[in-house]
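The following exercises ask the reader to work through a single protein chain, one region at a time. Each task is followed by a solution in steps.

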Amino acid sequence: MMEKKSQRPTLKSIAQEIGMTANTVSLALRGSPRVTEATRARVLEAAKAQGYVQDMQASSLRKGQSQIIALVFGDIANPLYSIKMKKLEEVLRKEGYQILIFNSDEQGVPGREYEVMRTAISRKIDGMICTPSPRGREALDLLAQYGVPCVVVGRYLDDNKEDCVVWDNEAGARIATRYLLDHGCKQPLYIASYPDSISSERDRLKGFIGQMMEYGMTEEQVHRQCLFLRGRSMKEALDESKVAFDGIFAYRDQLAWEAATLVPSDTLIIGYDNVQANLPLPIHIPSIGADMEQEARMVADLLLSRIENPDRPPVRKVLPVHLVER
């Protein structure tokens with residue numbers, strides 16, 4: 001005898017079990033205020049017992065929205081990006097959205113970022129949150145062409161066409177540099193991958209230069225206290241550098257951690273991003289941080305506002321930063 005094919009639970013099957021209409025069941029599952037809490041509890045219990053799973057595609061067709069937001073980050077292995085994505089998912093889930101995560105691999109294959117954007121658009125997303133590469137204008141313009149609302153996080157493009165949320169990176173760099181100077185460093189070294197490939201690099205470099213010039217160095221002297229890896233390993237860059245230093249300000253925490261393994265143990269080091277607030281590690285290096293829960297809320301609010309009002313002018317929000325001592 002052939003086995004009877006299992007049937008997928010439906011609104012109708014739940015309604016029949018508890019003696020309600022399919023419309024009432026639908027309203028209860030959507031959390032509508034038109035049904036009582038007692039009714040909603042009965043519906044949820046029956047839905048769970050039957051193993052009901054909502055057909056999101058059908059729901060999306062009815063609403064004209066997918067309730068999906070794409071998160072496109074340049075390197076999802078970066079712990080800072082992982083933290084940001086987790087916090088964004090928590091905020092967006094409370095707003096009724098699911099997320100799709102894409103890795104645009106900004107340091108990898110040319111054209112991947114554009115292809116990722118095309119793929120995201122093809123999934124009928126309601127909006128996107130992204131960290132565009134320095135070459136990301138073409139990809140962002142594609143989003144605009146298809147009317148996909150977008151918020152840029154962690155950096156901005158100079159033409160300011162998109163909403164964005166960034167940390168106050170110039171102020172943060174000044175705080176980090178003052179920390180080294182206040183602790184007796186006379187020749188701090190600033191270490192970054194590149195000087196100006198993205199806005200956060202430019203702004204942190206500007207803050208370091210400005211603070212050191214206030215300390216009494218000339219701009220030429222400050223530039224000599226900057227070490228840019230430009231694709232080299234930290235060890236190679238330090239070995240090739242002839243600059244004397246007694247402290248290090250690293251563009252991001254991972255560079256600070258790596259530097260700590262390569263320089264004398266009494267060298268004062270400070271990083272940036274405060275990754276250890278969310279990723280406990282046995283590394284006691286101070287950093288510059290910001291409220292990432294607040295950042296996620298800001299980003300989500302901007303995106304939801306853009307979805308509701310696609311023609312409003314772009315907004316840039318700047319998050320305050322603070323010193324985290326360890």
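**Exercise 1. The end of helix 2 and its surroundings**

Task: Determine which residue follows helix 2 and what its phi is, and state which residues of helix 2 are buried.

Solution. In this predicted model, the residue that follows helix 2 is G31, and its phi is positive, near 70 degrees. Within helix 2, the residues V25, S26, L27 and A28 are buried. The buried residues of helix 2 pack against two elements, helix 1 and helix 3 (37-50).

**Exercise 2. The crossing of helix 1 and helix 2**

Task: Classify the arrangement of helix 1 relative to helix 2, and describe the residues that form their contact.

Solution.

Step 1. Helix 1 spans residues 11-18 and helix 2 spans residues 22-29; their axes come within 8 Å and cross at roughly 105 degrees.

Step 2. Angles of 65 to 115 degrees count as roughly perpendicular, so helix 1 is roughly perpendicular to helix 2.

Step 3. Helix 1 contributes L11, K12, I14, A15 and I18 to the contact, while helix 2 contributes A22, V25, S26 and L29.

Step 4. By residue class, this contact of helix 1 with helix 2 consists of 7 nonpolar, 1 polar and 1 charged residue.

**Exercise 3. Two residues with positive phi**

Task: For Q67 and D273, give phi, locate each residue in the chain, and decide whether each is buried or exposed.

Solution.

Step 1. Q67 is not a glycine, yet its phi is positive, at about 60 degrees. Q67 sits in the loop that runs between helix 4 (56-63) and strand 1 (68-73).

Step 2. The relative accessible area of Q67 is 13%. Buried means under 20%, and Q67 is therefore buried.

Step 3. D273, also not a glycine, has a positive phi of about 115 degrees. The loop that holds D273 lies between strand 9 (268-270) and strand 10 (287-289).

Step 4. With 5% relative accessibility, D273 is likewise buried.

**Exercise 4. The surroundings of Q276**

Task: State where Q276 lies, and identify the backbone oxygen close to a polar atom of its side chain.

Solution.

Step 1. Q276 is placed in the loop between strand 9 and strand 10. Its relative accessible area is 10%, so Q276 is buried.

Step 2. Leaving out residues up to four places away in sequence, Q276 touches W257, L281, I283, I285 and R326.

Step 3. For I283, the backbone oxygen is 2.5 Å from a polar atom of the Q276 side chain.

**Exercise 5. The nonpolar cores**

Task: Name the residues of the largest nonpolar core that touch the most other members, and find which element supplies the largest share of this core.

Solution.

Step 1. The largest nonpolar core has 68 residues, and those touching the most other members are I69, L71, I129, Y190, I191, I248 and F249.

Step 2. Helix 13 (residues 292-308) supplies the largest share of this core, with 9 residues.

Step 3. Apart from this core lies another, of 21 residues, including A70, V116, I125 and Y156.

Step 4. The contacts of I248, without its neighbours within four places in sequence, are L180, L189, I191, A259, V263, T267, L268, I269 and I270.

**Exercise 6. Three residues compared by accessibility**

Task: Assign Q254, V243 and Q107 to the buried, partly exposed or exposed class, and describe the position of each.

Solution.

Step 1. Q254 belongs to helix 12 (residues 253-260). Its relative accessible area of 18% makes Q254 buried. Beyond four places in sequence, Q254 touches N78 and P79, and a polar contact of 3.3 Å links its side chain with that of N78.

Step 2. V243 occupies the loop between helix 11 (234-240) and strand 8 (247-250). At 23% relative accessibility, V243 is partly exposed. Its contacts, not counting residues up to four places away in sequence, are R224 and Q225.

Step 3. Q107 lies in the loop between strand 2 (98-103) and helix 6 (112-122). The relative accessible area of Q107 is 65%, so this residue is exposed.

Step 4. Q107 and G74 are 33 residues apart along the chain, and their C-alpha atoms are separated by 7.7 Å. For Q254 and R40, 214 residues apart along the chain, the C-alpha separation is 48 Å.

Notes. Residues are numbered from 1 along each chain as its sequence is written. This is a predicted model: local features need pLDDT of at least 70, side-chain atom pairs count only at pLDDT 80 or more; totals for chains, interfaces and linings use all residues. Side-chain values use heavy atoms; hydrogens and water are left out. Helices (H or I, at least four residues) and strands (E, at least two) are DSSP runs, numbered from the N terminus. Buried means under 20% relative accessible area, exposed over 50%, partly exposed in between (1.4 Å probe, protein chains only). Contact means heavy atoms within 4.5 Å. A nonpolar core is a set of buried Ala, Val, Leu, Ile, Met, Phe, Trp, Tyr and Cys residues joined through side-chain atoms within 4.5 Å. Axes are lines fitted to C-alpha atoms, for helices over the stretch in contact, and angles run from 0 to 180 degrees between N-to-C directions. Angles under 35 degrees count as roughly parallel, over 145 as roughly antiparallel, 65 to 115 as roughly perpendicular and the rest as oblique. Ala, Val, Leu, Ile, Met, Phe, Trp, Tyr, Cys and Pro count as nonpolar, Asp, Glu, Lys and Arg as charged, and the others, Gly among them, as polar. A polar contact is a pair of N or O atoms within 3.5 Å; within protein, one must be able to donate a hydrogen and the other to accept it, and residues adjacent in sequence count only if both atoms are side-chain atoms.
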